[in-house]
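Here are a few friendly notes to read alongside the model. Take them one at a time, and find each residue on screen as you go.

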Amino acid sequence: MAFAPKIITCLLVLTVYMAAASESNITCGTVTSSLAQCVGYLTNTGPLPSDCCAGVKSLNQLAQTTPDRRQVCECLKSAAKEIDGLNTDLVAELPTTCGVSVPYTISFSTSCDKISIAV
């Protein structure tokens with residue numbers, strides 16, 4: 001009988017570990033602050049500032065796990081709904097314009113649940 005509590009404890013620890021591995025460490029605040037300098041460019045009201053591309057590159061470096069990339073996707077889609085006049089072509093091209101390669105299309109129709117770090 002002493003063996004059963006040890007098994008249950010191991011299963012609980014494993015469950016907690018697995019749950020933690022599926023959560024993102026990136027907040028929507030981090031996402032929006034990283035890309036705040038891009039809004040003028042993405043709404044055709046200003047040039048592409050170097051701070052914008054620095055933010056894109058920084059965000060790409062932060063999002064190295066599948067949960068992180070999915071979180072970034074969800075945050076971007078949510079933030080985009082709040083910005084009037086977004087040029088969807090510029091939004092889709094922004095990673096490439098800034099020299100960042102992402103293995104999925106940047107679009108309002110992108111399913112964030114299908115994004116992964118696998119190419």
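Which residues have the most contacts inside the largest nonpolar core? Keep in mind as you look that this is a predicted model.

1. The core itself. The largest nonpolar core has 19 residues. Those with the most contacts inside it are V31, C38, L42, V56, V72 and L94. Try picking out these six names in the viewer before moving on.

2. Who builds the core. At least two residues of this core come from each of these helices: α2 (28–35), α3 (39–42), α4 (50–62), α5 and α6 (88–97). The largest share is supplied by α4, with four residues.

3. A look at L42. Setting aside neighbours within four places in sequence, L42 is in contact with G85, L86, N87, L90, V91 and L94. You have already met L94, since L42 and L94 are both listed among the core residues with the most contacts.

4. One end of α5. Helix α5 covers residues 66–80, and T66 lies in it. Is T66 buried or exposed? T66 is buried, because its relative accessible area is 19% and the cut-off for buried is under 20%. Beyond its neighbours within four places in sequence, T66 is in contact with I115, S116 and I117.

5. A80, also in α5. A80 is found in helix α5 too. With a relative accessible area of 14%, A80 is buried. Not counting residues up to four places away in sequence, A80 touches L86 and F108. A80 and F108 are 28 residues apart in sequence, yet their C-alpha atoms are 8.4 Å apart in space. L86 should look familiar, as L42 is in contact with L86.

Methods
Residues are numbered from 1 along each chain as its sequence is written. This is a predicted model: local features need pLDDT of at least 70, side-chain atom pairs count only at pLDDT 80 or more; totals for chains, interfaces and linings use all residues. Side-chain values use heavy atoms; hydrogens and water are left out. Buried means under 20% relative accessible area, exposed over 50%, partly exposed in between (1.4 Å probe, protein chains only). Contact means heavy atoms within 4.5 Å. A nonpolar core is a set of buried Ala, Val, Leu, Ile, Met, Phe, Trp, Tyr and Cys residues joined through side-chain atoms within 4.5 Å.
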